[in-house]
Amino acid sequence: MLKKSLLMKAKGADPYDLKQQENVLSESRMMVPDCRRRLEAALSDLKATLVEVEESGQKDGSEIGDARSTITDVERIFQSSDA
């Protein structure tokens with residue numbers, strides 16, 4: 001997005017179009033932290049649910065495997081974005 005805005009400036013784009021691109025960029029920057037917080041909350045809920053299910057005696061099943069896989073994938077994403 002930033003690259004596009006810089007290219008538009010270099011090509012002498014309409015100031016209105018530039019302002020619109022800057023607004024989109026600004027909104028995107030605000031959305032990312034909120035999305036991350038919501039994903040962290042969902043991950044926490046999934047982990048808690050998985051613990052409850054496993055404590056009830058269910059340790060196998062496609063949904064349980066999917067939950068474990070999702071937890072692993074999301075934690076990997078968080079680790080790579082924190083680095």
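This is a short tour of a predicted model, stop by stop, for you to follow in your viewer.

**Stop 1: the whole chain.** Start with everything shown as a cartoon. You should find three helices and zero strands, and walking from the N terminus the order of elements is α-α-α. Colour by accessibility next: 14% of the 83 residues count as buried. If you like contact maps, take the contacts between residues at least 6 apart in sequence; 43% of them join residues at least 24 apart.

**Stop 2: helices 2 and 3 together.** Select residues 15–55 for helix 2 and residues 62–82 for helix 3. Two packed helices are described by the angle between their axes and the distance between the axes. Here the axes come within 10 Å and cross at roughly 145 degrees, and the crossing is left-handed.

**Stop 3: the contact between them.** Show side chains on both partners. From helix 2, pick Arg36, Leu39, Glu40, Leu43, Leu46, Lys47, Leu50, Val53 and Glu54. They meet a set in helix 3 that includes Ile64, Ala67, Arg68, Ile71, Val74, Glu75, Phe78 and Asp82. Colour this contact by residue class and you will get 10 nonpolar, two polar and seven charged residues.

**Stop 4: helix 3 alone.** Hide the rest and put a ruler from the first C-alpha to the last: the 21 residues of helix 3 reach 30 Å, close to the 30 Å expected at 1.5 Å a residue. Which residues of helix 3 are buried? Select Ile64, Ala67, Ile71, Val74 and Phe78. Now look down the axis of helix 3: these buried residues fall within an arc of 95 degrees, so they line one face of the helix. Bring helix 2 back into view, as it is part of what covers them. Then rotate to the face of helix 3 turned away from the buried side, where the exposed residues Ser62, Asp66 and Ser80 sit.

**Stop 5: the loop.** Finish by selecting glutamine 58, in the loop between helix 2 and helix 3. At 47% relative accessibility, glutamine 58 counts as partly exposed, because exposed would need over 50%. Leaving aside residues up to four places away in sequence, glutamine 58 touches Val53 and Ile64. You have already met both: Val53 in helix 2 and Ile64 in helix 3 belong to the contact of Stop 3.

Note on methods. Residues are numbered from 1 along each chain as its sequence is written. This is a predicted model: local features need pLDDT of at least 70, side-chain atom pairs count only at pLDDT 80 or more; totals for chains, interfaces and linings use all residues. Side-chain values use heavy atoms; hydrogens and water are left out. Axes are lines fitted to C-alpha atoms, for helices over the stretch in contact, and angles run from 0 to 180 degrees between N-to-C directions. Helices (H or I, at least four residues) and strands (E, at least two) are DSSP runs, numbered from the N terminus. A crossing is left-handed if the near helix is turned anticlockwise from the far one by less than a right angle, and right-handed if clockwise. Contact means heavy atoms within 4.5 Å. Ala, Val, Leu, Ile, Met, Phe, Trp, Tyr, Cys and Pro count as nonpolar, Asp, Glu, Lys and Arg as charged, and the others, Gly among them, as polar. The expected span of a helix is 1.5 Å times one less than its number of residues. Buried means under 20% relative accessible area, exposed over 50%, partly exposed in between (1.4 Å probe, protein chains only). The arc is that of the directions from the helix axis to the C-beta atoms.
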